[in-house]
Amino acid sequence: MTMHAELSPSASKRWLMCPGSMILNKDLPNPANDYTHIGTIAHEVAECCLVRGDDPERYLDWWGFVNAQGGAGVMKELGPGSDKVFTHRVDRDMVDAVKVYVDVIRADIAEMCGPEVKVEERVSMEWLAPGMFGTADCIAVEPLGLMRVYDYKNGRTVVEVENNPQAMSYGLGAMGEGNPFGIEEIELVIIQPNAPHVDGVVRRWRLTPEELIAWGVGTLAPGAEAIELGETRLKAGDWCQFCPAKRQGVCPEIRRQMFGAIDVETDSADLPVQAVPTLPDPGMLTPDQVARVLTLEPLFSSWLKDVKAKALEDAQAGRGAPPGFKMVAGRSSRKWSDETQVKARLSRHRQDVYDIALKSVAQMEKMIKAKGGDPAIELEGLIEVNRGVMLAPEQDKRKAIEPMFT
Ligand code: SF4
């Protein structure tokens, strides 16, 4: 029997762009972090709402949990159970974010023609890419009509919908081999309430079954086949962000790019510890080198952060600090251990124990909205917008600003 690599749709951009990452990551740990767990719990709340017809408000202050097997649940009170590896109270922010997602789907369904709605639906792309399957957050299908495939993103890293390999893969899986429902158009919908975007938090992209299949046959299937054949080519880009090889600081391509971007005098991935490269004066870089450094900046920053985190983790676990480093006490921060006790013990100071500050513009808008008011009217003339300028890649959707002096 042929064993196929497990090709995850959520990592599809990474393995399509950097096929060698599959081999490099094969034995690397890829533990979920708190953000991933919180995202899993938000998905769980969303699923409960869609399946049971609940308002997300119902789950405010409930407890979400993730167990050792990666499963999740929400409950009013945390019951016993030793396999809970992560717990998180469903807070106002999570309820508001899930509500955006649930409301969009409910509004869409209301205007569709008797769609079949599937929540947390397992879909298979194996007819194009053996070893590839996943779970779509929600699918609404009008037979012989429109199919909408929803992907809820809880994170703050902006995810675009156009040409998004994960969303397209789910679209292919939801449509199925041979398009048995006779779907005429597919709409991929990404709902990302926690990440501001010029196109809004709900982003849609439509394409025909033929266009989607063309991508599946021309891009997805050959990409999966290359991995099957043991392709080792590495290529760095924005898809590296959550790559275990980067998080563990072991990707040779990242190191090569990092030093190659500015022509540092080394081509060795195994730099000796003392070989600290001399970085050129920014004023001496060519425009091409500046562009290259700026393009790679997010990658470098997050890689450096990952390397530092890994080194500290090793030191804390007793595996030793890297040569030339040691573990020392960090900067201490103090906070109240129990605010109720503080208030009780210092009550003779009355209001002096409080520091009252105005809420931020965003908090004030939220408060006014929650009380049924209109922030645009109540805050008219009170907000000063101070917008600076920044550099952005050419493909950024914001309009380019001309310099004041030329
Ligand atoms: S960090 Fe980037 S270049 Fe390295 S293996 Fe991962 S995806 Fe590929």
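Begin by selecting domain 1 and domain 2, whose C-alpha centres lie 23 Å apart. The contact between these two domains draws 17 residues from domain 1 and 16 residues from domain 2. The model on display is a predicted one.

**Colouring the domains**

To reproduce the division of the protein chain, colour residues 1-10 together with 113-232 as domain 1, residues 32-111 as domain 2 and residues 238-316 as domain 3.

With the whole chain in view, the C-alpha trace spans about 75 × 65 × 60 Å along its principal axes. A cartoon representation will show twelve helices and eight strands. Of the 406 residues in the protein chain, 35% are buried. Among contacts between residues at least 6 apart in sequence, 64% join residues at least 24 apart.

**The interface of domain 1 and domain 2**

Return now to the boundary between the first pair of domains. About 1,500 Å² is buried between domain 1 and domain 2, and carbon and sulfur atoms give 68% of that area. On the domain 1 side, select Val119, Tyr152 and Asn154: these residues lose the most area to domain 2 and together account for 33% of what that side buries.

Next, display the charged side chains. Three salt bridges are found across the interface of domain 1 and domain 2. Select Arg204 and Asp108 to see a salt bridge between their side chains, with an N to O distance of 3.0 Å. Between domain 1 and domain 2, five residue pairs are in polar contact.

Which strands should be highlighted on the side of domain 1 that touches domain 2? Strand E4 (116-124), strand E5 (133-141), strand E6 (146-152) and strand E8 (202-207) each supply at least two residues of that side. Colouring this side of domain 1 by class gives eleven nonpolar, two polar and four charged residues.

**The loop between H3 and E1**

Move to the loop that follows helix H3 (34-52) and precedes strand E1, and select Asp55, which is found there. Then add Asp54, which lies in the loop between H3 and E1 as well.

Is Asp54 buried or exposed? Asp54 has a relative accessibility of 12%, and therefore counts as buried. Its side chain makes a polar contact with the side chain of Tyr59 at 2.4 Å. Leaving aside neighbours within four places in sequence, the residues in contact with Asp54 are Cys48, Cys49, Tyr59 and Arg106.

Asp55 has a relative accessible area of 38% and is therefore partly exposed. The side chain of Asp55 reaches the backbone nitrogen of Glu57 at 2.9 Å. Setting aside neighbours within four places in sequence, Asp55 is in contact with Cys49 and Lys99. For a longer view, draw a distance from Asp55 to Ala309: the two residues are 254 residues apart along the chain, and their C-alpha atoms are separated by 39 Å.

**Asn67 in strand E1**

The last stop is Asn67, in strand E1 (residues 63-67). Asn67 counts as buried because its relative accessibility is 15%, under the 20% cut-off. Show the side chain of Asn67 and the backbone of Gln69: a polar atom of that side chain lies 3.0 Å from the backbone nitrogen of Gln69. Which residues is Asn67 in contact with, leaving aside its neighbours within four places in sequence? Select Asp83, Lys84 and Val85 to display them.

Notes. Residues are numbered from 1 along each chain as its sequence is written. This is a predicted model: local features need pLDDT of at least 70, side-chain atom pairs count only at pLDDT 80 or more; totals for chains, interfaces and linings use all residues. Side-chain values use heavy atoms; hydrogens and water are left out. Domain bounds come from an automatic or database domain assignment. Contact means heavy atoms within 4.5 Å. Buried area is the accessible area (1.4 Å probe) that two parts lose on being put together, summed over both. A salt bridge is a side-chain nitrogen of Lys or Arg within 4 Å of a carboxyl oxygen of Asp or Glu. A polar contact is a pair of N or O atoms within 3.5 Å; within protein, one must be able to donate a hydrogen and the other to accept it, and residues adjacent in sequence count only if both atoms are side-chain atoms. Helices (H or I, at least four residues) and strands (E, at least two) are DSSP runs, numbered from the N terminus. Ala, Val, Leu, Ile, Met, Phe, Trp, Tyr, Cys and Pro count as nonpolar, Asp, Glu, Lys and Arg as charged, and the others, Gly among them, as polar. Buried means under 20% relative accessible area, exposed over 50%, partly exposed in between (1.4 Å probe, protein chains only).
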